[in-house]
Amino acid sequence: MSFKLIDPVPENRKSVTDARALRALAHPLRLAILNHLMAFGAQTASACAEAVGSTASNCSYHLRSLARYGFVESLQSADGRERPWRSAATGFEFRGEEGTDAAATVERLITEAQIDDGARLQKKALAVRSQTPAEWRDAASANSYALLMTSAELRTLADSLDALIRPYIGLTRAVPPEDSEVVYVQVDAFRHPDSGR
């Protein structure tokens with residue numbers, strides 16, 4: 001399956017705090033669709049279905065749900081048949097209303113869905129590794145580290161990694177090299193749950 005990214009757009013990150021919107025996004029398929037649109041730009045429901053392993057009608061339903069809460073928007077169809085959809089922002093920050101159990105639960109569900117979607121993509125990449133060009137196999141990495149640091153150092157590290165990664169975001173990159181491909185990067189950094197010092 002081949003994809004062409006849309007023209008770059010200025011960075012536009014949205015903060016989502018509405019509990020209903022967060023609940024709508026907590027559905028794993030909706031999150032996978034949104035992640036796909038953010039990675040590949042405007043896509044039809046059929047293209048989304050092929051990417052996330054669903055049906056076009058199911059993806060169309062979920063795209064309309066995402067649109068209702070402002071996560072995606074539909075575009076005019078070039079051929080008058082299937083219309084493309086795109087992410088309504090180049091990034092989202094999810095924060096429930098402080099102190100509410102419902103918000104904390106929804107935030108946890110979204111994070112779990114993101115973890116599951118990342119695992120799905122990693123497994124899919126491993127399954128096709130033998131067909132992946134050698135230069136891409138050699139460039140890929142899967143590392144984990146056990147670091148000893150303070151919470152302030154962790155914040156500095158996370159901000160530094162974000163600053164290094166941000167210029168390469170596909171939706172906002174102005175002039176990518178012609179041989180560019182979409183690359184999935186997931187950075188997780190948190191206090192180890194078994195760390196009880």
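## A pocket to start with

Let's begin with some empty space: the second largest pocket holds about 150 Å³. Keep in mind that this is a predicted model. Rolling a probe the size of a water molecule over the atoms is how such empty space shows up.

Who lines this pocket? There are 14 lining residues, and V9, R86, S87, A88 and A89 are the ones nearest the centre. Sorted by class, the lining has eight nonpolar residues, four polar ones and two charged ones.

## R86 and its partner

R86 turns up again when we look at charges. Side chains of opposite charge can pair when their charged atoms come close. R86 does this with E73: the two form a salt bridge, and their closest N and O atoms are 2.7 Å apart. E73 sits in strand β3 (residues 72-74) and R86 in strand β4 (residues 84-87), so the pair ties together parts that are 13 residues apart in sequence.

Are these two buried or exposed? E73 has 31% relative accessibility, so it counts as partly exposed. R86 is partly exposed too, at 30%.

## Pairs along helix α5

How many salt bridges are there in total? The count comes to seven. One of them joins E112 to R108, with 3.1 Å between the closest N and O atoms. Both residues belong to helix α5 (residues 101-127), where they are four residues apart, about one turn of the helix. E112 is partly exposed at 35% relative accessibility, and R108 is partly exposed at 44%.

Helix α5 also hosts a salt bridge between R120 and D117, whose closest N and O atoms are 2.8 Å apart. Here the spacing is three residues, again about one turn of the helix. R120 counts as partly exposed at 29%, whereas D117 is buried, with a relative accessible area of just 7%. Elsewhere, salt bridges that share partners link E11, D162 and R166 into one network.

## A buried arginine without a partner

Now meet R30, in helix α2 (residues 28-40). R30 is buried but has no salt bridge. Where is the nearest side chain of opposite charge? That would be D18, 12 Å away.

So what does R30 touch? If you skip neighbours within four places in sequence, R30 is in contact with A24, L25, Y61, H62, S65 and L66.

## A look at N58

Last stop: N58, which is in helix α4 (residues 56-68). With 29% relative accessibility, N58 counts as partly exposed. Measuring from C-alpha to C-alpha, N58 and T44 are 12 Å apart in space, while in sequence they are 14 residues apart.

Conventions
Residues numbered from 1 in each chain as written. Predicted model: local features only at pLDDT ≥ 70, side-chain atom pairs only at ≥ 80, totals over all residues. Heavy atoms only, no water. 1 Å grid on protein atoms, 1.4 Å probe; cavity = no way out; pocket = protein on both sides within 12 Å on 5 of 7 lines; lining within 4 Å. Points joined across faces, edges and corners; volume = space filled by probe spheres on them. Nonpolar A, V, L, I, M, F, W, Y, C, P; charged D, E, K, R; others polar. Helix = DSSP H or I, 4+ residues; strand = E, 2+ residues; numbered from the N terminus. Buried < 20%, exposed > 50% of the residue type's maximum accessible area, 1.4 Å probe, protein only. Lys, Arg positive; Asp, Glu negative; His and termini not counted. Salt bridge = Lys/Arg side-chain N within 4 Å of Asp/Glu carboxyl O. Contact = heavy atoms within 4.5 Å.
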